[in-house]
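Please look over the sequence and the model shown here before reading on. The report that accompanies them is meant to be read side by side with the structure.

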Amino acid sequence: MTSRMFKFGVTATSAAVGSVLAAWTLDHWNTPRVVNNAAVAPPKRKRTLPMRSEQIKSLMSGEEFDVLIIGGGATGAGCALDSVTRGMKTALVELDDFASGTSSRSTKLIHGGVRYLQKAILGLDLEQYRMVKEALQERATMLESAPHLTHPLPIMLPVYTWWQVPYFWVGIKAYDFVAGDRNVKSSYYLSKKDALELFPMLKKDKLCGAIVYYDGQQDDARMCLAVALTAARHGATVCNHVEVKELLKKDDGTGKQVLCGAKLKDHISGKEFTVKAKCIVNATGPFTDSIRKMDNPSVKSICCPSSGVHIVLPGYYSPDQMGLLDPSTSDGRVIFFLPWQRQTIAGTTDLPCEITHNPIPTEDEIQFILKEIKNYLNADVEVRRGDVLSAWSGIRPLVSDPNKDDTQSLARNHIVHISPSNLITIAGGKWTTYRAMAEHTIDAAIKACNLKPERAEAVTSYLKIEGGQGWTPTMYIRLVQDFGLECEVAQHLAKSYGDRAFAVSKMASLTGKRWPIIGNRIHPEFPYIDAEIRYGVREYACTAVDMIARRLRLAFLNVQAAQEALPVIVDIMGEELKWSKEEKERQIKVATEFLANEMGHSVNRTSKERIPIKLSKEEIQTYIKRFQLIDKDKKGYVSINDIRRGLKSFGESDVSGEQLHEILREIDTNMNGQVELDEYLQMMSAIKTGDVAYSRFARMAELEEQKHEAANLKQKISVDRSGGGL
């Protein structure tokens with residue numbers, strides 16, 4: 001009884017505090033936005049996007065830039081856009097590719113942070129409240145600036161204890177109130193019946209009801225790329241695969257050493273050169289300290305990296321337009337379960353890690369996520385390890401604030417720090433607030449380095465991002481009617497490229513079919529077409545990894561499909577970039593390693609190898625018989641020629657050599673180029689237990705047995721029993 005009264009007390013207190021904060025918010029913060037169009041009108045974009053070679057030429061020209069930004073993630077791209085639209089000569093360089101780090105490995109949410117608001121209310125923490133307030137303002141700005149890449153997403157919070165219904169309802173309503181007139185949509189309560197109708201996969205035992213609230217969702221890598229491309233169209237020089245080798249300094253006339261440029265290396269051409277700049281911005285996320293130590297080797301580290309793993313499951317795990325929030329996992333964290341690009345994302349974990357360019361998801365983290373989501377799904381949804389289509393790890397760059405005396409505690413928000421040599425470091429924060437972080441950074445840069453912008457204030461909150469200017473929700477219909485694209489492909493192009501989808505469609509090749517007229521898919525299960533590869537090269541894709549991971553999102557959606565599509569992708573890129581045969585082979589090798597290590601392909605394979613064989617005696621006999629039917633030469637193993645012969649007997653004679661190798665690789669766990677009996681039995685055991693969802697080899701063996709039995713049955717039927725054949 002005491003426990004229940006305590007819970008009521010917490011609920012009542014939270015409601016009261018939430019109401020007071022909400023009222024204070026509405027009175028003091030939610031003033032209408034008054035826009036002076038003359039003052040904030042951004043400059044017009046350039047009509048064409050410069051080629052990468054032109055961008056490199058601009059870096060090598062010897063001209064002095066006002067601002068040089070190091071880092072091509074969300075914050076760095078945001079800084080470039082903010083700087084160039086204020087009228088300053090701007091350059092951005094990125095060691096790898098745009099969004100190749102944390103910015104492409106997020107939960108794909110645009111959110112203020114429900115849990116942060118809970119902490120702000122219960123702890124009466126004004127700083128945390130302001131952080132949520134800013135994020136909710138920026139959430140609305142992102143949804144407006146890139147309507148093709150972002151959309152509102154309802155998220156369900158299921159409630160299994162009756163006293164938590166008012167508790168969560170008050171908290172979520174406070175979330176709406178803090179957003180004020182910038183709220184996406186109002187939250188609402190659902191009864192048990194209505195909750196199960198909207199999210200039928202939900203566990204119904206002891207379910208009391210649910211609260212639904214709204215946040216935003218995005219394609220994070222393409223959003224980051226779009227911001228960088230928008231900066232380039234406005235005149236910024238943006239270059240990926242360019243490394244900063246050294247920071248250069250000079251005397252400012254008072255005896256003080258200040259930064260004046262950097263030595264760079266273009267990893268595509270191998271050329272090294274020097275760039276002059278009045279101001280240098282360090283926006284390198286988890287690698288913040290490496291640039292700070294390049295400026296001053298004795299400086300203390302401020303980055304405390306944390307690993308967050310996400311997994312992708314098939315789309316049937318969640319409704320098309322409803323996410324799920326687990327507010328309290330077994331270890332106290334929060335897990336999201338969200339529909340994304342017709343699949344389902346689940347994550348994230350939060351563990352200390354080492355800083356690396358190649359973070360790898362672990363089997364323990366994958367199993368943790370699977371275990372947690374299993375608690376919320378009904379018995380009809382068997383959560384299987386084999387359903388994990390891909391998995392990735394992103395590094396959250398948590399930082400301590402070097403501006404404060406107490407550097408042990410982590411900053412809750414982003415920090416902007418100016419070193420004695422005028423290195424401007426922006427660190428911390430989150431995806432949603434990238435634009436505000438960029439604005440604060442450029443404000444600090446202008447003041448610290450005495451820059452002279454044409455516009456004193458940022459204009460990015462009123463700026464449409466690449467593709468958003470002419471986009472409409474029904475634009476895809478024009479693509480279908482004008483170009484003869486499949487409807488699914490047209491919808492994908494419109495959402496990924498916005499009004500640039502017409503330029504992409506013009507590059508599509510003829511299919512040779514009655515319908516669709518153009519647009520050859522690079523993989524039958526996904527709406528990506530050949531034209532996107534050619535257009536991706538114009539979006540500065542330089543490697544196969546750039547293409548499969550960030551121009552297309554295939555590596556994140558299905559690692560096996562990405563592996564299967566690699567040869568086609570590399571062939572088209574090879575045509576565009578004039579790659580030799582040796583370079584194509586190198587690109588496939590590097591991309592295969594990326595898929596294996598960073599996208600979960602190897603950990604998926606390893607999980608299969610650990611599975612013990614759990615089959616009955618009858619099942620083993622059945623599978624041995626099937627194996628022997630495929631191994632017609634009685635070699636004791638199945639070769640690629642056996643697979644080719646088997647497929648040909650079922651009328652699939654046009655299967656390519658690469659597809660044959662893919663079928664072999666999915667079961668050949670010891671990687672010796674052939675399938676032994678124990679590997680086949682292990683695969684069938686894994687399918688039985690759910691650790692593997694499907695195997696084309698297993699299906700072929702089953703069909704081979706059916707074909708064999710049908711042939712035997714035909715031989716047994718005599719002429720007399722068949723009616724003499726008349």
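The text below describes a group of paired strands and then a helix, in a model that is predicted.

**Strands 8, 9 and 10**

Strand 9, which spans residues 257–266, has seven of its ten residues buried, that is, under 20% relative accessible area, and it is therefore largely enclosed by the rest of the structure. Strand 9 pairs with strand 8 (residues 242–251) in the antiparallel sense, over nine bridges, and in this pairing V242 stands opposite D266 of strand 9. Strand 9 also runs antiparallel to strand 10 (residues 272–282), to which five bridges join it, and here K265 has E272 in strand 10 as its bridge partner.

Each of the two hairpins has five residues between its strands and contains a glycine with a positive phi, as does the position after helix 23. These glycines are listed together in the table.

| Glycine | Where | Phi |
|---|---|---|
| G253 | hairpin of strand 8 and strand 9 | positive, near 100 degrees |
| G270 | hairpin of strand 9 and strand 10 | positive, near 85 degrees |
| G651 | following helix 23 | positive, near 85 degrees |

**Helix 23**

In helix 23, which covers residues 640–649, the buried residues include I640, D642, I643, G646 and L647. These residues cover an arc of only 155 degrees around the axis, which means that they lie on the same side of helix 23. An α-helix has 3.6 residues a turn, so residues three or four places apart point the same way.

How values were computed: Residues numbered from 1 in each chain as written. Predicted model: local features only at pLDDT ≥ 70, side-chain atom pairs only at ≥ 80, totals over all residues. Heavy atoms only, no water. Buried < 20%, exposed > 50% of the residue type's maximum accessible area, 1.4 Å probe, protein only. Helix = DSSP H or I, 4+ residues; strand = E, 2+ residues; numbered from the N terminus. Pairing = 2+ DSSP bridges. Arc of directions from axis to C-beta.
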